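This report covers a parallel sheet, a helix pair and the salt bridges of one protein model. The model is predicted.

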Amino acid sequence: MVGPDLMLKYALPASLLLSVSAFAQTQVVTSIKPVSMIVTAIGGDEVKVEQLVNNQASPHDYAMRPSDLRKLDQADLVVWVGELLETFLEKPLANLSSKKDIEWMALSGTYLREFGEEGHDHEDHEDHEDHEDHKDHEDHEGHDHEDHDHEGHEDHDHDEHDHKDHEHEAHDEHGHEGHDHTGTDPHVWLDPANAKILAHNVMEQLSKLDPEHKQEFAANYQAFVGALETADNNVEATLAPIKDVPYFVFHEAYGYFEGHYGLNNKGAVTLSPERKPGAKTVANIRTEIEEHNVACIFSEPQFSPAIVETLIDGTDVKTAVLDPLGVSLKLSNDSYPAFLEALAGQYATCLK
């Protein structure tokens with residue numbers, strides 16, 4: 001018969017292992033705040049989120065640091081928007097072996113718009129509502145770079161591809177120096193229907209990585225969808241009275257949000273956040289402000305609002321800050337719905 005001391009001797013290591021297992025969290029690296037919001041909502045306490053781009057920076061010009069590469073290497077899952085936005089992630093992810101990632105823009109069902117495209121309405125997303133019926137979504141739940149090195153991007157040479165095809169070239173359609181973007185708009189997180197697509201894929205991937213908490217992830221997803229639908233209805237009600245009021249934005253980043261809710265954006269101050277408009281652009285935008293009876297020009301917390309102040313000097317045009325990344329919001333299960341409502345409030349404050 002085994003004595004109590006011997007039983008304790010053998011029981012302790014097993015107990016210790018169980019304790020460590022019970023508190024182990026899935027390590028998820030995210031690129032930007034809105035992605036972190038959705039991962040946090042689905043993962044809850046079972047997930048530890050490490051965000052690469054800090055809340056005061058822009059993903060457009062972010063540079064990877066050695067500490068970021070270590071985070072990618074140690075992660076169980078990487079969730080990002082896509083190479084058109086986070087160019088800095090393309091090569092590091094391609095070089096990681098056996099690394100699972102979710103690329104939002106590559107997910108089946110994600111609505112992608114082109115810059116300059118007219119707004120869409122809620123009916124455009126009818127086929128998104130029951131995401132479980134998307135027969136192809138499993139192909140993109142997690143990218144295994146060892147198996148296919150970014151399946152769907154076979155034509156890309158990750159060592160040489162410099163995104164020249166995706167550069168935002170200058171256009172003078174409005175008389176501005178590069179006043180338009182071209183190509184696919186990567187700001188997909190500003191459409192609530194796209195948020196639901198990502199949430200579903202995150203739920204499925206986390207369930208594979210941590211099957212013991214599969215039911216919790218599913219419950220979190222259902223709660224997220226409910227909160228998202230409530231926020232969507234609230235935002236629509238907030239914006240309905242001002243949807244025809246003309247305005248300008250700092251850079252062309254809000255097409256998904258504006259199209260979903262039918263807002264009246266008349267143009268952008270600059271081609272992209274990295275480029276400051278020249279004197280000719282300023283003069284032309286001032287002319288358009290007068291022609292369109294623009295009520296407001298929105299700036300952003302990530303960039304200097306000095307150019308906006310120059311544009312409205314001597315006019316009755318108001319200015320306010322639009323925050324496309326939700327920098328001031330604390331991460332929680334409800335932060336993405338709160339982000340949508342906060343953004344709607346920022347529009348309403350200036351356009352009423």
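## Salt bridges and their exposure

The structure contains 4 salt bridges. In one of them, Lys 48 pairs with Glu 50, and the closest N and O atoms lie 3.8 Å apart. Lys 48 is partly exposed, at a relative accessible area of 37%. Glu 50 is also partly exposed, at 25%. This places Glu 50 above the 20% under which a residue counts as buried. The pair does not stand alone: Lys 48, Glu 50 and Lys 71 are linked in a network of salt bridges.

Another salt bridge joins Arg 65 to Asp 68, with 3.3 Å between the closest N and O atoms. The two partners differ in accessibility. Arg 65 is partly exposed because its relative accessibility is 41%, which falls between the cut-offs of 20% and 50%. Asp 68, with a relative accessible area of 0%, is buried.

## A buried pair between two loops

Asp 185 forms a salt bridge with Arg 113, and the closest N and O atoms are 2.7 Å apart. This pair links distant parts of the chain, the two residues being 72 residues apart. Asp 185 lies in the loop between helix H5 (145-148) and helix H6 (192-209). Arg 113 lies in the loop between strand E4 (100-103) and strand E5 (143-144). Both Asp 185 and Arg 113 are buried.

## Packing of H2 and H6

Two packed helices are described by the angle between their axes and the distance between the axes. For helix H2 (residues 33-43) and H6, the angle is about 50 degrees and the axes are 9 Å apart. An angle of about 50 degrees lies between the limits of 35 and 65 degrees, so H2 and H6 are oblique to each other. The crossing of these two helices is right-handed.

## The four-stranded sheet

Strands of a sheet pair through backbone hydrogen bonds, either parallel or antiparallel. Here, an open sheet of 4 strands follows the order E7-E6-E8-E9, and the pairing is parallel. E7 and strand E9 (318-321) stand at the edges; each has a single partner strand, so one side of each is left without a neighbour in the sheet. On average, neighbouring strands of this sheet are turned by 25 degrees against each other, direction ignored.

Strand E6 (residues 247-251) is mostly covered, with 5 of its 5 residues buried. E6 pairs in the parallel sense with strand E7 (residues 265-270) over 4 bridges, and Tyr 247 stands opposite Asn 265 in E7. E6 also runs parallel to strand E8 (residues 296-299), to which 2 bridges join it. In that pairing, Phe 248 stands opposite Ile 297 in E8.

## Remaining connections of the sheet

E8 and E9 pair in the parallel sense over 4 bridges. One position in this pairing is Cys 296, whose bridge partner in E9 is Lys 318.

What kind of unit do E6, helix H8 (residues 255-261) and E7 make? Together they make a right-handed β-α-β unit. E7, which ends this unit, is one of the strands at the edges of the sheet.

How values were computed: Residues numbered from 1 in each chain as written. Predicted model: local features only at pLDDT ≥ 70, side-chain atom pairs only at ≥ 80, totals over all residues. Heavy atoms only, no water. Salt bridge = Lys/Arg side-chain N within 4 Å of Asp/Glu carboxyl O. Buried < 20%, exposed > 50% of the residue type's maximum accessible area, 1.4 Å probe, protein only. Pairing = 2+ DSSP bridges. Right-handed = clockwise from strand over helix to strand, strands pointing away. Axes fitted to C-alpha atoms, helices over the stretch in contact; angles between N-to-C directions. Parallel < 35°, antiparallel > 145°, perpendicular 65-115°, else oblique. Left-handed = near helix turned anticlockwise from the far one by under 90°.
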